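Q: I am new to this structure. Please pick one part and walk me through it closely, in short sentences.

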Amino acid sequence: GADSYWNYGINPNNLYYIVWRWNVGGAAYIFVNGSQILSSSTQPAYSGTQPIGISRSYGQDSGAFGGRIYMTKIYNRALSDAEVLKMYNYEKSRFGL
């Protein structure tokens, strides 16, 4: 499948600013609170016709995220590392991160 998996110490009752970025060519990155924690050079582009799922794999009944998602943004281009950090710094006071 084309799902991204990562093991990061997420603590219950804490708020996190998480960004998943995919670049044309197959490089994927995950950022937590403005810092890159994961990269993969083999993440295929989505080519299906089914809806994109956020917080779970499409068609899966197990493994779904059990928390709250306060905000979701989708861009038509990959943000730079500097843009990810700038957005985190802008939003952290709003959400108390």
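A: **The strands and what surrounds them**

Start with one pair of residues: Trp20 has its bridge partner, Ile30, in β2. This is a predicted model, in which local features need a pLDDT of at least 70 and side-chain atom pairs count only at pLDDT 80 or more, while totals for chains, interfaces and linings use all residues. Residues are numbered from 1 along each chain as its sequence is written, and side-chain values use heavy atoms, with hydrogens and water left out.

Now the setting. The protein chain has one helix and three strands. Read from the N terminus, the order is β-β-β-α. Helices here are DSSP runs of H or I with at least four residues; strands are DSSP runs of E with at least two; both are numbered from the N terminus.

The three strands make an open sheet, ordered β1-β2-β3, with antiparallel pairing. β1 (18-23) and β3 (35-40) are the edge strands, each pairing on one side only. On average, and ignoring direction, neighbouring strands of this sheet are turned by 20 degrees against each other. Such angles lie between N-to-C directions and run from 0 to 180 degrees; the axes are lines fitted to C-alpha atoms, for helices over the stretch in contact. Two strands count as paired if DSSP finds at least two bridges between them. β1 and β2 run antiparallel and are joined by six bridges. Five bridges, again antiparallel, link β2 and β3. Here Ala28 stands opposite Ser40 in β3.

Take the turn from β1 to β2. This hairpin has three residues between the strands, and Gly25 takes a positive phi near 110 degrees there. Val24 also sits in the loop between β1 and β2. Val24 is exposed, at 80% relative accessibility. Its C-alpha is 8.2 Å from that of Ala78, although 54 residues separate Val24 and Ala78 in sequence. Gly26 belongs to the loop between β1 and β2 as well. Gly26 is buried, with a relative accessible area of 6%. Buried means under 20% relative accessible area, exposed means over 50%, and partly exposed lies in between, using a 1.4 Å probe and protein chains only. Gly26 and Thr42 are 16 residues apart in sequence, and their C-alpha atoms are 5.3 Å apart in space.

Move on to the next turn. The hairpin of β2 and β3 has two residues between the strands. Asn33 lies in this loop. Asn33 has a phi near 50 degrees, a positive value in a residue other than glycine. Asn33 is partly exposed, at 24% relative accessibility.

Next, the core. The largest nonpolar core holds nine residues: Tyr17, Val19, Ala27, Tyr29, Phe31, Leu79, Val84, Met87 and Tyr88. The elements that give this core two or more residues are β2 (27-32) and α1 (81-95). A nonpolar core is a set of buried Ala, Val, Leu, Ile, Met, Phe, Trp, Tyr and Cys residues joined through side-chain atoms within 4.5 Å. In soluble globular proteins, nonpolar side chains tend to be buried together.

Follow Tyr17 outward. Neighbours within four places in sequence aside, Tyr17 is in contact with Phe31, Val32, Asn33, Gly34, Val84, Met87, Tyr88, Glu91 and Leu97. Contact means heavy atoms within 4.5 Å. One of these partners, Glu91, is found in helix α1. Glu91 is buried, at 3% relative accessibility. With neighbours within four places in sequence again left aside, Glu91 is in contact with Tyr17, Met71 and Lys73.

Last, the whole chain. Of its 97 residues, 19% count as buried. Among contacts between residues at least 6 apart in sequence, 37% join residues at least 24 apart. The protein chain has an accessible surface of about 7500 Å², and 50% of that belongs to carbon and sulfur atoms. Accessible areas come from the Shrake-Rupley method with a 1.4 Å probe; for residues, only the protein chains shown count as cover. The mean pLDDT is 78, and 75% of the residues score at least 70. pLDDT is the predictor's confidence in each residue, from 0 to 100. Among the elements, β1 has the lowest mean pLDDT (85) and α1 the highest (90).
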